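The following note sets out several points for a colleague who is about to examine this structure. Please keep the sequence and the coordinates at hand while reading.

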Amino acid sequence: MRKIDESEGARPVNEQLRDALSKQAVRVIDLFREWDEDGSGTVSRKEFLKAMPLLGLDVPEREVLALFDEWDR
């Protein structure tokens, strides 16, 4: 599992998460479809939070939810 670097001077967590997502071999839209467990056509905060470990990321919940809120306008 990949750990996000939260140390002082490290790149912001949202940038690290973006990089991790972009390195996935699957297109982002396909990832979102996979994460949409209830078939609503959207990814909820709960579904997004659950997806991070599936990507091999060990990210604090508060950071994942902050990123979700930033991206979910």
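1. **Surroundings of a tryptophan.** Leaving aside residues up to four places away in sequence, W35 touches L21, V43, E47, F48, A51, M52 and L55. Several of these partners return in the points below.

2. **Confidence.** The model is a predicted one. Its mean pLDDT is 82, and 93% of the residues reach 70 or more. Among the elements, helix α3 (residues 45–54) has the highest mean pLDDT, 88, while strand β1 (residues 2–3) has the lowest, 69. Predicted coordinates should not be read in detail where pLDDT is low.

3. **The nonpolar core.** Seventeen residues make up the largest nonpolar core, and W35 is among those with the most contacts inside it, together with L17, F48, M52, L55, L57 and V59. Four helices, α1 (13–22), α2 (28–35), α3 and α4 (61–71), each supply at least two residues of this core. Helix α1 provides the largest share, namely four residues.

4. **The buried side of α3.** Which residues of α3 are buried? They are E47, F48, A51 and M52. These residues lie on the same side of the helix, because they cover an arc of only 150° around its axis. The packing partners of the buried residues of α3 are α1, α2, β2 (57–58) and α4. E47, F48, A51 and M52 also appear in the list of residues that W35 touches.

5. **The end of α3.** Is L54, a leucine in helix α3, buried or exposed? L54 counts as exposed because its relative accessibility is 61%, and the cut-off for that class is over 50%. Between the C-alpha atoms of L54 and L31 the distance is 10 Å, with 23 residues separating the two in sequence. Just after α3, G56 adopts a positive phi of about 85°.

6. **A buried glutamine.** Q16 is located in helix α1. With a relative accessible area of 12%, Q16 is classed as buried, since the limit for burial is under 20%. A polar atom of the Q16 side chain lies 2.8 Å from the backbone oxygen of R11. With residues up to four places away in sequence left out, Q16 touches I4, D5, A10 and R11. R11 thus appears both in this list and in the 2.8 Å pair with the Q16 side chain.

Notes:
Residues are numbered from 1 along each chain as its sequence is written. This is a predicted model: local features need pLDDT of at least 70, side-chain atom pairs count only at pLDDT 80 or more; totals for chains, interfaces and linings use all residues. Side-chain values use heavy atoms; hydrogens and water are left out. pLDDT is the predictor's confidence in each residue, from 0 to 100. A nonpolar core is a set of buried Ala, Val, Leu, Ile, Met, Phe, Trp, Tyr and Cys residues joined through side-chain atoms within 4.5 Å. Buried means under 20% relative accessible area, exposed over 50%, partly exposed in between (1.4 Å probe, protein chains only). Contact means heavy atoms within 4.5 Å. A polar contact is a pair of N or O atoms within 3.5 Å; within protein, one must be able to donate a hydrogen and the other to accept it, and residues adjacent in sequence count only if both atoms are side-chain atoms. The arc is that of the directions from the helix axis to the C-beta atoms.
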